[in-house]
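Colleague: Got a minute to walk me through this one? I'd like to know what I can lean on before I start staring at it.

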Amino acid sequence: MKAKRIVCALLVIGAALALWNPGDGKPARAADAAAEGGDAPAAAGTPSAKLRKPAKDGSLTPAAENDRLRLYFDNRSGGVAVEDKATGSLFYSNPLGALEDAKASDAAKEELMSQISLVYNVKGKEGDLEMNSYTHAMKLDQVGWGKQEQGLTVEMVLGREEQRRLLPQQIAKASFEENVLSFIEAEREKRRILAFYILYTREDLEGAKGKELLAKYPALEKEDIYVLKTSITERDKGVLESSVKKAGYTYEKLAEDYERVGYDGDEAVFPYFKLRLDYTLQEDGLSVTVHNGQIEYDKERFNLVKMTVLPYFGAGKSGEEGYLFLPDGSGTIIGFNNDGSKNTLLTTGKLYGPDYALSQADRGSFKQEFRAPVYGIKKDGSALLAVIEEGDAVAEINGMMGNINHSWNTAYASFTIRNKDTFIQENAFEQAPWIIYEKNAYDGNIALRYFILTGEEADYAGMAGAYREYLVSEGILKKTDPPEQIPFYLDTMGAVDTMVRKFGIPTRSQAAVTSFDEAGRMLERLTGKGVSNVKLRYTAWYNGGYFHTAASGMKVEKVLGGAKGMKELAAKARESGAELYPDVDFVTVSANKAFDGFKPHKDGIRSLFQKTGYKGILNVATLEYENSVWGVDPNKIPDYYDRFAKDYATLKPEAISLSSLGDTLNSNFKNNRQVNREQSMALAEEVLAKADEAYGNVISDSGNAYLFPYADHILNLPDEDSSLSIADRQVPFLQIALHGYIGYAGEPLNLASDLRPAVLKALETGSGAYFKLNYGDSSLLKDAFLFDDVYASRFADWEDAAADLYAEMNEVLKDVQDQAIVDHEQLAEQVYKTTYESGKAVIVNYGDQEIQVEGIRVGPVDYAAVTP
Amino acid sequence: MVRTKWILFFAAMVMLGSFGVESASAMVPYKTYFYDYEGNYFVSPDAYVPERVLGAGDMGIPDAALNQPLDLFVDGDKQVYVADSGNNRIVLLDEEYRLKKEIKEFVLGDGRTKSGFNAPTGLFVTEEGLIYVADSKNARIVVLRQDGGLERILEAPDSDVFPAGFIYEPSALGVDPAGRIYVISKSTNMGVIALNADGGFDGFVGAEKVAPKVADLFWRLITTKEQKSRTAKNVPTEYNNITIDELGFAYVTSSALGTRAQLNALQSRDKSSRNAPVKRLNNLGIDILKRNGAYPPAGDIQVKNDVSRFIDVALAGSGVYSTLDSTHNKIFTYDEEGNLLYAFGGYGSQDGVFQSVSALAYQDARLLVLDKGTGKLTVFRRTDYGDNIAAAIEARKNRKYDESIAAWRKVLGQNPSLEMAYSGVAQSNMRKGEYEEAMHNYKLANDWEHYFKAFAEYRKEVIGKLILVIPIAAVLLLWLLTRFFKYVKKVNATGWRKSGKRTFPEEVFYAFHVMFHPFDGFWDLKHEKRGSVRAAVFIVALVMAADVFEKLAGGYILYPTDWRVIELHDTVLGVLIPFGLWCCVNWGLTTLMDGEGSLKDIFIASAYSLMPIAMISIPVTIFSNFASQQEQPFITFFTSLSFAWAIGLIFVGVLVTNDYNPFKNAYTSVISLIGMGFVAFLTVVFINILQNMNAFITTIFNEIAFRL
């Protein structure tokens, strides 16, 4: 028993040594690589002459510097390190001491040491394979780097460049002797070759494992075969291959021999990926670009599926004080896993919400979506914020907990280059899932921008501030010049389908939940109660109301008052200082009529399996998606917009609401009309830009980041995170970044499960007052079978409360409307403070006890405004 | 005083570090919903939202996190007891969930020997503060005082009633006000074990009687012994948990029911106790749970195979109770009548959803849920919406109707889909004599029984107003009808003498003659050509139209909904296909059996026979709009009459047309009916094969398209 253990231990140590092998393995491998792929980087077509190999001493080599920062090449990992010259603190792309981490397995250690990891797939085969830059490039000495202006560039070849070895994996005994061995003269060499092969004879078939062998090597039934040992190292393979080559063996012969033994030879295909990373030092950080479109690999044989860039840049070690920031909803903070109580390894969010062209996995609970392409890590006195500049639409953002697979906590982005989908055909002969890969892969660049924050800035509020400054400097955000009073966002709904009995005969018809006339009355009544600056968003007013046909043309619902009614409403709104934002949905279609310009099979989105894609409507009880609403082919959206705009112009509008464009981003996988997500985003931006140009005033929903340059107001901007068990706090990151530049509000106050906390939330985040009210009888909504999200919306029940709340919020927020939020902090349990540029601060107390903070008394579930 | 307390609190907070407990308005990771009368789900405002999620560290329990905590109890002083089964201890928390006491062991009666728990899975605390612990693996019940000292130990009861091989493993227990102890022992299907106050065996309570089905008896006759032993035995229910209410009645839950049986009971709206996952047993062990809601309380309705499995019940007062569903990790709350008020929860790793729930309990307006997967306690806070519903139900229970109605109106303001609330408001309409309003609200509530009561009152009102008009209208109608029939009679009488081609109205009107004089009528129909194919087609179309009209314009007494989508195939299937089949099959048969009628003759005769259906159905449909529930028998009578009449006519028609004697006619008719069934069966089989072929071809197509 004991002896066994010792043997085991020795074996493990032996294996570890064999893998680690610092001394004797390397020179040989380097020589190999030089021989085989020495000119590899040259093929990438960039200034290869200047490229050099990483030094073997594992030191940092300075590459560039500016006033604040210094950039080093890290000879240990092939990555970089950035030094903040003022504090001397270093940010490594790969954690120091990763190879000595006691918690990590060997594979995890190499993962920690890589800057790129790839997921790829062999065409025609199922299952994804992985590679990382340390194991498959750095260790094989296939990395070269060179200085560039204000930065450095790294080129690497992941995997073996040579595609196939001229080395038979399986070969019939007769042909091996005839084609190879007979040409080799030295007996010693012959024996050496044979030492790497196992001979299986037909006599073996009679043994205990006979059947198994036959299943593996069917050719064995006819003749004896040689099989290459699986334990053979790459280096030995190289030596062996040169012997075989010398014997005059050729690829043609290899193919013949493979055919003879019935071996399909796929394993002999070696994947390789040649890629380039550019690191450029910026004034306040670093930008990193992966030239994704120029990655060289065998596209005939492989699919590049996914790429992760710099997964451990700035990672924090468990035990350190610090947290990860993820853009989950409004933003969430996950403290490092120091006590080991957080047992979720990976928290992942796809940017900009689900893609309904892909099949939707069933879900267990409701979560927020990730709306902004940012993430960050804070540790000690400094923080790192990353912004995805390019490739955001195909990105997902991950948070990884330390103390599970290894010691580091990190946040990073990965990019889906090629989507895949699985599908199980009912009644198929084979009940295995089919996997299909996207043909229209993402071929743009992947660009990340890192901001290094220190001192006061080094927290989530600082990160949000850095993001805001970035957006401003890019010209994406522009300061608003708001009216005196804060906005009152009023969302109202037009027509729904109901059954009405006419002379006892029920007929399906439209009923007005709020007609134009009634909406006008709501405006009047609100104005009469002192509400001003109303932004009236009007939904379900065209092409069939709530369940509308495609917006490829416009017909104002008669039951609401028709086009005339709408114009009158707009005029009335103008008089009272309000604005009317009719809402148009270009992304989905929920009713289909003949000749409306939309044919689901033609103009709808399709899945990878060429099936019509639906915007899944989640059944709240079963949590399964039900198909009822079609997604519009993103290619069609600009065209629909143009056609709609022509009709819409007759109303002489001054504003528009494009709610779904900011909420949903779909691909389309229909053959010949493929749109990947990045292209879809470009199309959405095109429409948003046109609308912004034409009307000036644009409202949208949910706040996907591509809206920022065009939207003036964003409703339903998430003001909460997903309440993940491992998260420590929710933070209003989006609000801190946007306040003063874009008007926004979270959930409608009247739909909040508790009103006062919702009001406090609005005050804490600097939101406008937002209500979703309808003038008509609420029971209409029950009659219309609207199962979800419309309740508690009768205007009569809310008009007084809404006006009072508006007055209350306006008092607090009206003088900071155009100001950025400079700080946000938690003062005590359930007590938060938001500080604006002018020094004005709002303290909110969600707790049910009065509290005294910073010399100010804040009542239970109450707030206090502090003016300097 | 208050101030110093707060400063101290603040200091404590600072010491705890910068991160406090989640903010009060964190995202709710589930949607609260309920089902309407039809079984459709509606999203409602949240009635409960997660307030805090507490791990052992947050409760101030120093060592080990909770390990597989299985039971939870809240006593009269709002103290919380947790059975931390995996750690073999009982944890006693104060009102704010901070550790008060941890009971791991106790001194036995001899004053020296210490003893501990082995997997304590159930808890109950009496009003006097005695803690009853189901010490399952030790096969005993331990009774402790509040200070952790031992009061007594109840060892396994000794009784001859227990079958051989019975293993006593108490997993849950409850004590009624009289001191009687109810114990659930694992894997017992004999019901709840009742012990008297001294621990003596009192008997089994609540065992379900197994009534074998006829089909089972049949199978039992023809199967062999081995086959019998292999098929699942029809066994009574096993209970898994028990909760005692203030009256001493026991809510028991069962998760061992057959999936199909439970689902069928739910979907067929079974109000009986059979296959019910939750029951309320009185002292005699009889189930007295009310199941007067649209569906019996059995959790999720829109499920296929993963039916809700209840593992615990918590009582919220006023007869409201919540059940815990371990399949979906959801909480379903019902009122005393069994109406579903709201359902929420779910699976996940967010605050407010669970990995694997194990117990729940109410602490006043708060709801506590224990998760054995994570070892955490989730505290839910009741929202305004939940408060309003609770207030409405409480007021109703205390017979303060005005208050109750005011609360229901508030609820409706927040959730205009809740049927119960409409019912509540409609009650007030009735009391105030606003019958039209009441009808509207009862209709929205899908409460048709009460709807018709309101309708009857409303009708009385309207009739009162129209007292003069009605007789006049009736006389007018009668006069018109008489005129019409006189005219028809005249036409038919003159047609007798007329020869050659007849006009279309003449042909149709002849149907009235056939209706009343079948023998004579059918003879002339065939031999004098008084009918025609076009008139026959018209009559069939008329019957179809009457059928559509009935479905569209029938009163609520016929179809209690406003959503009447007419699908053409309904009518075609209901009228045209049976009729066509009859004609073809009957003709085919009678031709073989020396019938004299051609297909045309039989078609005309059969079509003319349908006239009574059209004539009676249309007025009945109109009448149904004015009928109340008492008048339902009239409608049934007239509908049956029209069918009987038509069938009689068909019988005579075929008899006359084929020149059969009645006996032979009856004989061929019966064979025709069998033939119709046979043809229908073949058609269905054929369609099925076509569908299979279609699926087969699509599959091949897909395989080729995607695999290659």
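Modeller: Sure, let's go through confidence, then the chain contacts, then some of the packing and sheets.

Colleague: Experimental or predicted?

Modeller: This is a predicted model. Its scores are ipTM 0.82 and pTM 0.83.

Colleague: What average pLDDT does chain A have?

Modeller: Chain A averages 86, and 91% of its residues score at least 70. For chain B the average is 86, with 92% of the residues at 70 or above.

Colleague: Where does pLDDT stay under 50 in chain A?

Modeller: Over residues 14-49 of chain A. The model has 32 contacts beyond four places in sequence for that stretch. In chain B, residues 1-23 stay under 50, and there the model has 22 such contacts beyond four places in sequence.

Colleague: And how should I treat stretches like that?

Modeller: Where pLDDT is low, the predicted coordinates should not be read in detail.

Colleague: Which elements of chain B have the lowest and the highest mean pLDDT?

Modeller: α1(B) has the lowest, at 40. The highest is strand β23 of chain B, residues 330-334, at 97.

Colleague: Switching to the interface. How many residues of chain B are in contact with chain A?

Modeller: 59 residues of chain B, and they touch 56 residues of chain A. On the chain B side, the elements that each supply at least two residues are α1 (2-16), β2 (41-43), α6 (384-397), α7 (401-414), α14 (533-553) and α19 (662-707).

Colleague: Which of them gives the most?

Modeller: α19(B), with 6 residues. By class, the side of chain B that touches chain A has 28 nonpolar, 20 polar and 11 charged residues. Keep in mind that α1(B), with its mean pLDDT of 40, is on that list of contributors.

Colleague: OK, domains. What's the split in chain B?

Modeller: The assignment gives domain 1 as 29-382, domain 2 as 401-465 and domain 3 as 498-691. The C-alpha centres of domain 1 and domain 3 of chain B are separated by 59 Å.

Colleague: And chain A?

Modeller: Four domains there: domain 1 (51-106 + 114-123 + 136-160 + 278-473), domain 2 (170-268), domain 3 (488-532 + 534-577 + 747-818) and domain 4 (820-868). Between domain 1 and domain 4 of chain A, the C-alpha centres lie 36 Å apart.

Colleague: Any helix packing to look at in chain B?

Modeller: Try α13 (residues 518-527) against α16 (residues 599-609) in chain B. Their angle is about 145 degrees and the axes are 10 Å apart. α13(B) passes α16(B) in a right-handed crossing.

Colleague: Which residues meet there?

Modeller: From α13(B), F522(B), L525(B) and K526(B); from α16(B), D601(B), I604(B), A605(B) and Y608(B). That contact divides into 5 nonpolar, no polar and 2 charged residues.

Colleague: Now sheets. What's the strand order of the 10-stranded one in chain A?

Modeller: β7-β8-β12-β13-β25-β20-β19-β16-β17-β37, an open sheet with antiparallel pairing. Its edge strands are β7 (143-148) and β37 (729-730) of chain A, each paired on one side only.

Colleague: How many bridges join β19 and β20 of chain A?

Modeller: 6 bridges join β19 (residues 374-379) to β20 (residues 382-390) in chain A, and the two run antiparallel. V374(A) has V387(A) in β20(A) as its bridge partner.

Colleague: What lies across those strands?

Modeller: Helix α11 of chain A, residues 460-473. It lies across β16, β17, β19, β20 and β25 of chain A, at about 35 degrees to β20(A).

Colleague: Last one: what about the 4-stranded sheet in chain B?

Modeller: That open sheet runs β4-β5-β6-β7 in chain B, with antiparallel pairing. The edges are β4 (71-74) and β7 (99-103) of chain B. Neighbouring strands are turned by 15 degrees against each other on average, direction ignored. Inside, β5 (residues 80-84) and β6 (residues 89-93) of chain B pair over 5 bridges, and A83(B) stands opposite I90(B) in β6(B).

How values were computed
Residues numbered from 1 in each chain as written. Chains lettered and ligands numbered in written order. Predicted model: local features only at pLDDT ≥ 70, side-chain atom pairs only at ≥ 80, totals over all residues. Contact = placed C-beta atoms within 7 Å. Nonpolar A, V, L, I, M, F, W, Y, C, P; charged D, E, K, R; others polar. Domains from an automatic or database assignment. pLDDT = per-residue confidence, 0-100. Axes fitted to C-alpha atoms, helices over the stretch in contact; angles between N-to-C directions. Left-handed = near helix turned anticlockwise from the far one by under 90°. Pairing = 2+ DSSP bridges.
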